[in-house]
Amino acid sequence: MSARLIPPASDLTQPYWDAARRQELVIQRCDSCDHWLFPPRAHCPQCGSDRLVWRPVSGRGSVYTFTVAHRPPHPVFAEQCPLTIATVELEEGPRMLTNIAGCEPGQVEVGMTVAVTFEAIDDSDILLPVFTPG
Ligand code: ZN
C-alpha cells in the first residue's frame with residue numbers, strides 16, 4: 001500500500017482504471033490503422049479516427065529513461081523516496097510515465113526489461129500500474 005496523488009477518472013480514462021482493478025493493463029488501439037496509443041485520447045494521433053478500442057497488452061516493456069526523486073515532489077510521497085520515476089516503452093510501442101518498484105533505484109538501467117504489477121493505493125480501491133524488473 002502506498003499514498004499517491006491519483007487523477008480522478010474521466011469518461012475517457014475509466015476503462016484504464018477498471019482494467020487495473022482487474023490487474024490487467026489495457027491501452028487504446030486504433031481500429032482504422034492498428035496504431036497503439038497512450039495516454040488515452042479521443043482520436044488517433046496517426047489517422048484522426050475515433051475508432052479507438054481498449055485492448056489488453058502484454059504488460060512487458062523496457063526502461064526508456066528514468067530519474068530518481070530523493071526529495072518528495074509532494075508531501076504525500078515522503079515515505080516512498082527515493083522513488084524511481086521512469087518512462088517505460090511497452091512492447092506494443094507506446095511509452096508510459098510510471099514508477100519502477102521492487103528494486104533499489106541504483107539497480108535501474110536504461111534498456112532493462114520490466115513487467116507491469118499493480119500497487120494498492122491507501123484509502124481507495126484503486127490499483128496503480130507500476131513496473132518491476134523482469
Ligand atoms: Zn489510426
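Is Arg-95 buried, partly exposed or exposed, and what is its relative accessibility? Keep that residue in mind; the tour reaches it at the pocket.

**Before you start**

This is a predicted model, in which local features need pLDDT of at least 70, side-chain atom pairs count only at pLDDT 80 or more, and totals for chains, interfaces and linings use all residues. Residues are numbered from 1 along each chain as its sequence is written, and side-chain values use heavy atoms, with hydrogens and water left out.

Helices (H or I, at least four residues) and strands (E, at least two) are DSSP runs, numbered from the N terminus. Two strands pair if DSSP finds at least two bridges between them.

**Stop 1: the zinc site**

Select the zinc ion. Its ligands are the SG atoms of Cys-30, Cys-33, Cys-44 and Cys-47, at 2.3 to 2.4 Å. Donors here are N, O and S atoms within 2.8 Å of the metal (3.2 Å for Na, K and Ca); water is not among the atoms, so sites may look incomplete. Along the sequence, the donor residues follow the spacing C-x2-C-x10-C-x2-C.

Now check the geometry. The 4 donor atoms subtend angles of 105 to 114° around the zinc ion, so the arrangement is tetrahedral. Four donors count as tetrahedral if all angles lie between 85 and 135 degrees. For reference, the ideal angle for four tetrahedral donors is 109.5 degrees.

Colour two of the ligands by accessibility. The classes are buried (under 20% relative accessible area), exposed (over 50%) and partly exposed (in between), with a 1.4 Å probe and protein chains only. Cys-44 is buried, at 4% relative accessibility. Cys-47 is partly exposed, at 41%.

**Stop 2: the three-stranded sheet**

Select residues 26-30, which are strand 1. Three strands make an open sheet here, in the order 2-1-3, with antiparallel pairing. Its edges are strand 2 (36-37) and strand 3 (52-56), each pairing on one side only. Strand 1 is joined to strand 2 by 2 bridges. To find the register, pick Gln-28, which stands opposite Leu-37 in strand 2.

Next, go to the loop between strand 1 and strand 2, where Asp-34 sits. Asp-34 has a positive phi near 65° and is not a glycine. Most residues other than glycine have a negative phi, and most peptide bonds are trans. Asp-34 is partly exposed, at 45% relative accessibility.

Move on to Pro-39, in the loop between strand 2 and strand 3. The peptide bond from Phe-38 to Pro-39 is cis, with omega near 5°.

**Stop 3: strands 4, 7 and 8**

Show strand 4 (60-69) and strand 7 (113-120): 3 bridges join them, and they run antiparallel. Arg-60 stands opposite Ala-115 in strand 7. Strand 7 also pairs with strand 8, antiparallel, over 7 bridges. There, Thr-117 stands opposite Val-130 in strand 8.

Zoom in on the hairpin of strand 7 and strand 8, which has 6 residues between the strands. Asp-123 lies in this loop. Its phi is positive, near 55°. Asp-123 is exposed, at 83% relative accessibility.

**Stop 4: the loop between strand 4 and strand 5**

Select Arg-71, which lies in this loop. Arg-71 is exposed, with a relative accessible area of 74%. Then add Cys-81: the two residues are 10 apart in sequence and 6.6 Å apart in space, C-alpha to C-alpha. Cys-81 is joined to Pro-82 by a cis peptide bond, with omega about 5°. Pro-82 is in the loop between strand 4 and strand 5 too.

**Stop 5: the largest pocket**

Select Leu-5, Pro-7, Leu-97, Thr-98 and Leu-128, which lie nearest the centre of the largest pocket among its 22 lining residues. Helix 1 (14-21), strand 5 (83-90), strand 6 (95-100) and strand 8 (127-133) each give two or more residues to the lining. Strand 6 gives the largest share, 4 residues. The space in the pocket is about 560 Å³.

A pocket is an open set of points on a 1 Å grid over the protein atoms alone, where a 1.4 Å probe fits, with protein on both sides within 12 Å along at least five of seven lines; lining residues have an atom within 4 Å of a point. The volume is the space filled by probe spheres set on the points, which are joined across faces, edges and corners.

Colour the lining by type: 18 residues are nonpolar, 3 polar and 1 charged. Nonpolar covers Ala, Val, Leu, Ile, Met, Phe, Trp, Tyr, Cys and Pro; charged covers Asp, Glu, Lys and Arg; the others, Gly among them, are polar.

**Last stop: Arg-95**

Select Arg-95, in strand 6. Arg-95 is partly exposed, at 40% relative accessibility. Add Tyr-64: it is 31 residues from Arg-95 in sequence and 8.0 Å away in space, C-alpha to C-alpha.

Key:
Tetrahedral: all angles 85-135°; square planar, octahedral: opposite > 155°, others 65-115°.
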